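Open the model in your viewer and keep the sequence panel beside it. The stops below say what to select next and what is there.

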Amino acid sequence: MNKIIGSIVIIIIILGAVFFSNNNPKTLVSEEEIKIGFSGPLTGPVAWLGELYLSGLTTAEQHINSNGGINGRPVKLIVEDNGFTGKGGVDTFNTLKNKGAEIILSLGTVPSVPMSPLSKEAKIPLLAAATFVDLTIDNPFAIQMSILPENDVNATAIDMEKHGDKKIGVLYMN
């Protein structure tokens with residue numbers, strides 16, 4: 001749950017940082033929208049997670065636009081349901097690209113993995129909340145918003161040593 005909250009906070013921080021770069025708040029100087037795509041699970045077993053992200057993104061979009069947009073340009077959030085599947089990731093990436101998304105936010109490892117090479121080919125930044133794989137190795141357009149398992153293991157080992165723990169239990173999905 002902490003990773004979910006952390007990922008939502010990261011999205012809001014990034015959008016907030018872009019917002020605060022605006023030199024003339026509360027004044028839209030252009031009708032040309034900055035289109036931000038969101039590919040998330042809005043149906044299926046983890047739809048609740050997609051709805052949480054979407055709620056945060058919608059709030060950020062409203063806040064940014066009510067304060068003059070980004071450098072005077074309004075933000076337009078384009079939302080697509082990836083169903084938390086690889087095919088859904090590919091389909092939503094292509095749909096968002098065709099709708100003119102300038103950056104695509106993706107939620108979930110399964111949909112994000114096949115989106116990464118598409119992002120690289122199209123030269124569209126992909127901001128992905130994904131674990132268990134490094135999407136940034138061969139894609140300069142990918143930004144990953146999560147801790148990789150090897151980082152978790154190192155942090156756990158340091159914490160165990162610090163506290164003198166000798167045993168650990170592991171739960172995983174098979």
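Buried means under 20% relative accessible area, exposed means over 50%, and partly exposed lies in between, with a 1.4 Å probe and protein chains only. This is a predicted model, in which local features need pLDDT of at least 70, side-chain atom pairs count only at pLDDT 80 or more, and totals for chains, interfaces and linings use all residues. Residues are numbered from 1 along each chain as its sequence is written, and side-chain values use heavy atoms, with hydrogens and water left out.

**Stop 1: G40**

Select G40, which is found in strand β1. Helices (H or I, at least four residues) and strands (E, at least two) are DSSP runs, numbered from the N terminus. G40 has a relative accessible area of 0%, so it is buried. Now show what surrounds G40, taking contact to mean heavy atoms within 4.5 Å. With neighbours within four places in sequence left aside, G40 is in contact with E80, D81, N82, G83 and L107. Add T85 to the selection: G40 and T85 are 45 residues apart in sequence, and their C-alpha atoms are 9.7 Å apart in space.

**Stop 2: helix α3**

Stay with T85, at the start of α3. A side-chain oxygen of T85 comes to within 2.8 Å of the backbone nitrogen of G88.

Next select residues 86-98, the 13 residues of α3. The expected span of a helix is 1.5 Å times one less than its number of residues. For α3 that gives 18 Å, and the end C-alpha atoms are 19 Å apart, which agrees.

Which residues of α3 are buried? They are G88, G89, T92, F93 and L96. Looking down the axis of α3, you find these buried residues within an arc of 130 degrees, so they line one face of the helix. The arc is that of the directions from the helix axis to the C-beta atoms. Show β1 (34-40), β2 (75-81), β3 (103-107) and α4 (109-122) as well, since the buried residues of α3 pack against them. On the other side of α3, K87 and N98 are exposed. After the helix comes G100, with a positive phi near 90 degrees.

**Stop 3: salt bridges**

A salt bridge here is a side-chain nitrogen of Lys or Arg within 4 Å of a carboxyl oxygen of Asp or Glu. How many salt bridges are there by this rule? The count comes to 5.

Begin on α3 with K87 and D91, whose closest N and O atoms are 2.6 Å apart in a salt bridge. The two are 4 residues apart in α3, so about one helical turn separates them. K87 is exposed at 61% relative accessibility, while D91, at 36%, is partly exposed.

Move to E32 and R73, a salt bridge with its closest N and O atoms 3.6 Å apart. E32 lies in the loop between α1 (2-20) and β1, and R73 in the loop between α2 (47-66) and β2, so the pair ties together parts that are 41 residues apart in sequence. E32 is exposed at 51% relative accessibility; R73 is partly exposed at 22%. Add E102 to see a network of salt bridges linking E32, R73 and E102.

Finish with K120 and D138, whose side chains meet in a salt bridge at 3.2 Å, N to O. This pair links distant parts of the chain, 18 residues apart: K120 is in helix α4, and D138 is in the loop between β4 (126-129) and β5 (142-144). K120 is partly exposed at 34% relative accessibility, and D138 is exposed at 57%.

Notes
A polar contact is a pair of N or O atoms within 3.5 Å; within protein, one must be able to donate a hydrogen and the other to accept it, and residues adjacent in sequence count only if both atoms are side-chain atoms.
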